[in-house]
Amino acid sequence: MANPHLVCIVGARPNFMKMAPLLRALERHPEVRVTLVHTGQHYDANLSQIFFDEIGMRAPDVSLEVGSGKHGAQTARILERFEEYLEPAIKNEGVSRVVVVGDVNSTLACTLVAAKLHVPVAHVEAGLRSFDRTMPEEINRIVTDALCDRLLVSEPDGMKNLRAEGRPESCLHLVGNIMIDTLFEMLPKAKEQPILRDLELAPGTYGVVTLHRPANVDEPEALKLLVNVLCKVSARMPLVFAVHPRTQERLKNFGLDQNLAAARAIRVLGPQGYLPFLALTSQAKCIITDSGGLQEESTALGVPCLTMRPNTERPITVTEGTSTLVGSDTVLLEKLLGDVIDGKYKSGKRPELWDGQAARRMAAILAAA
Ligand code: UD1
């Protein structure tokens, strides 16, 4: 049998820190050939290139440069361009498997192309479900998992969800959380970053904010409520708001950027690189976010996380970790921030298999089949 050839896909910011440790772990299996494809879903330097540089990921072998667009248009461009790459690659080089991570549009599109060309697909971070189909990522997760035959799962709820969907045991592998591999590896380097000094912030005294989900930032009223409450709580705790480009656009369009600029205890920054951002989150008093990845990172770091979503596909961050679901309840947000400041907020524990070794376990599975 020919040596395995894995085609690994990245597309958007949260993919890079999941793929980097896997690529490194696969280097320990020299019989495995790896091709890295970047769809270009995220293309801004601060959302893409900086992660390659900081976390030491090698340059992609193939760039599809699909760029932004509505979900249908963006997904369609990935489908078209990935098929243009994959079909001849199967003929000329042989492809034994495609590997996708997370739940972004690139994950879904590349899985669909591979499945139709009869290439088996492995999904890293399989089985997560919010049971909320208004989230584009939930659709991506369901369709991706349905088409994959290697489901690499980060937490026991993921196994439960996949079993409930009738997936056979032979496809399921509880391997732990690979994003936490990168976090542990990068933490010492992150702590050397000058960002706290530059922002004149002392460790353990400030909150970090990120918001980018359509449910929070696309409706003027919802975003206004959130901005108001952030301005209010910043009187008790200084905040650092790292603003995603889509949120930046909405703040400007809804005239809310002025409100933020006027709040002197809120530092408004653009998207940050991995290291400065980890420097901020790891030394924060509290994190306020609607990001899935950040819910997990705060649990691994033991930092309180107030999650501005009504549900989560990562329930272990609530049941075992440091996260609480706040939804859009700004009164609850204020109360919980008070608890954090007064030292009354719960402390969590790090889930099993979030131990920095997930990539090694995944690589062994992928190298074997
Ligand atoms: C995507 C993922 C989301 C993930 C997030 C992390 C999907 C469905 N969503 O959302 O799960 O949490 O990435 O960041 O895949 N833009 C830029 N520069 C870029 C990329 C995007 O300015 O490099 C702007 C564009 O205006 C674009 C908008 O951001 O229209 C949204 O980008 P898109 O890739 O569609 O989704 P995200 O909101 O980033």
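## Around the ligand and across the sheet

Helix 11 supplies three residues to the shell around the ligand, the largest share. Keep in mind as you look around that this is a predicted model.

Helix 11 spans residues 245–253, and it has company: helix 1 (13–26), helix 3 (71–92) and helix 5 (136–147) also each give at least two residues to that shell. The shell has 20 residues in total, and the ones that come nearest to the ligand are Gln 41, His 42, Tyr 43, Asp 44 and Glu 137. Sort the shell by character and you get five nonpolar, nine polar and six charged residues. As for where the ligand sits, the space it takes is the largest pocket.

Now for some polar contacts. Here are three residues with an atom close to an oxygen atom of the ligand:

| Residue | Atom on the protein side | Distance to a ligand oxygen |
|---|---|---|
| Asp 44 | backbone N or O | 2.8 Å |
| His 212 | polar side-chain atom | 2.9 Å |
| His 244 | side-chain N or O | 2.9 Å |

On its own, the ligand has 740 Å² of accessible area, and the protein covers 87% of that.

Let's move on to the sheet. Seven strands make up an open sheet, with parallel pairing, and their order reads 3-2-1-4-5-6-7. Which strands stand at the edges? They are strand 3 (62–63) and strand 7 (172–174), and each has a single partner strand, so one side of each has no neighbour in the sheet. In general, the strands of a sheet pair through backbone hydrogen bonds, in either a parallel or an antiparallel way.

For one pairing in detail, try strand 5 (residues 121–126) and strand 6 (residues 150–153): they run parallel and are joined by four bridges. Look there for His 123, which stands opposite Leu 151 in strand 6.

How values were computed. Residues are numbered from 1 along each chain as its sequence is written. This is a predicted model: local features need pLDDT of at least 70, side-chain atom pairs count only at pLDDT 80 or more; totals for chains, interfaces and linings use all residues. Side-chain values use heavy atoms; hydrogens and water are left out. A residue is near a molecule or strand if one of its heavy atoms lies within 4 Å of it. A polar contact is a pair of N or O atoms within 3.5 Å; within protein, one must be able to donate a hydrogen and the other to accept it, and residues adjacent in sequence count only if both atoms are side-chain atoms. Accessible areas come from the Shrake-Rupley method with a 1.4 Å probe; for residues, only the protein chains shown count as cover. On a 1 Å grid over the protein atoms alone, a cavity is a set of points where a 1.4 Å probe fits but cannot get out, and a pocket is an open set with protein on both sides within 12 Å along at least five of seven lines; lining residues have an atom within 4 Å of a point. A molecule sits in a cavity or pocket if more than half of its atoms lie within 2 Å of its grid points. Ala, Val, Leu, Ile, Met, Phe, Trp, Tyr, Cys and Pro count as nonpolar, Asp, Glu, Lys and Arg as charged, and the others, Gly among them, as polar. Two strands pair if DSSP finds at least two bridges between them.
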